[in-house]
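Trainee: Please take one helix of this model and go through it closely, with its packing and the cut-offs behind each term.

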Amino acid sequence: PADFGLVAQVAAIVGLTNLIGDFGISVPIIQSRHLSQRQLSSLFWVTIGVGLTLAVVVGLAAPLIAWLYSDPRVVGVCLISALTVLVRSPSTQFTALLRRRLRFDRLAVVEISAAVFGVACAIALSRFGYWALVTQSLASGFVLSLGAWWACGWSPDFYCSLSEVRDKLKMGGNFTAGSILNYFARNGDNILIAKYWGPTEVGLYAKAY
């Protein structure tokens, strides 16, 4: 339970980057009636840029998060989590395109494959404790991005213009703001339990929830 709790208490904070990294871009991709290749490429590189920025922020914030929980092991978990944020960032665009095209069959295969591969890695590395759980997220994120790219059959151009996608980013930003408020409402309990009771308690609580 303590291993699951250690990862859960970091995920309660670092997991916010998944919302910010997406920046709600999947919403205008799915909703817009028309999207040009230039617009899609611009949105893709914005997502990659945001993901890279968040990965750096998580890496730099690792000592602070470790101080919050009074646990030096948190630093290593945060650094791997930062890499996971970067690895998963391309999947936002690819999975949104699959949803836009109603290719839920392909999306399901990709998501299940990513989950199974991540679990297999965790089982193979189970003797390493919480590192197995951290590796699980990294491995599944890598397979998700790679598989979704292959399934959607789309690749970006080396082109990015914020002016061409300003309205899309505004729509996504509004959606993300609401998601962030909901995120804190649903994860604040994990943070508080980890802070005042410890990783074992939050591990049991998170799994029971």
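Mentor: What follows is a look at helix α7, the helix it packs against, and the loop before it.

This is a predicted model, in which local features need pLDDT of at least 70 and side-chain atom pairs count only at pLDDT 80 or more, while totals for chains, interfaces and linings use all residues. Residues are numbered from 1 along each chain as its sequence is written, and side-chain values use heavy atoms, with hydrogens and water left out.

Helices here are DSSP runs of H or I with at least four residues, numbered from the N terminus. Helix α7 has 21 residues and spans 30 Å from its first C-alpha to its last, close to the expected 30 Å at 1.5 Å a residue; the expected span is 1.5 Å times one less than the number of residues.

The loop between α6 (91-100) and α7 (104-124) holds Leu102. Its phi is near 60°, a positive value in a residue other than glycine. Leu102 counts as exposed because its relative accessibility is 59%; exposed means over 50% relative accessible area, buried under 20%, and partly exposed in between, with a 1.4 Å probe and protein chains only.

Within α7, the buried residues are Leu107, Val110, Ala114, Gly118, Cys121 and Ala122. Seen down the axis of α7, these fall within an arc of 105°, so they line one face of the helix. The arc is taken from the directions from the helix axis to the C-beta atoms. Val109, Ile112, Val116 and Ile123 are exposed on the other side of α7.

The buried residues of α7 pack against α6 and α8 (130-152), where contact means heavy atoms within 4.5 Å. Two packed helices are described by the angle between their axes and the distance between the axes. For α7 and α8, the axes come within 7 Å and cross at roughly 155°, which makes α7 roughly antiparallel to α8. Axes are lines fitted to C-alpha atoms, for helices over the stretch in contact, and angles run from 0 to 180 degrees between N-to-C directions. Angles over 145 degrees count as roughly antiparallel, under 35 as roughly parallel, 65 to 115 as roughly perpendicular, and the rest as oblique.

The crossing of α7 and α8 is right-handed, meaning that the near helix is turned clockwise from the far one by less than a right angle. On the α7 side, the residues that meet α8 include Val110, Ala114, Phe117, Gly118 and Cys121. Their partners in α8 include Ala132, Ala139, Val143, Gly147 and Ala151.

Key. Helix = DSSP H or I, 4+ residues; strand = E, 2+ residues; numbered from the N terminus.
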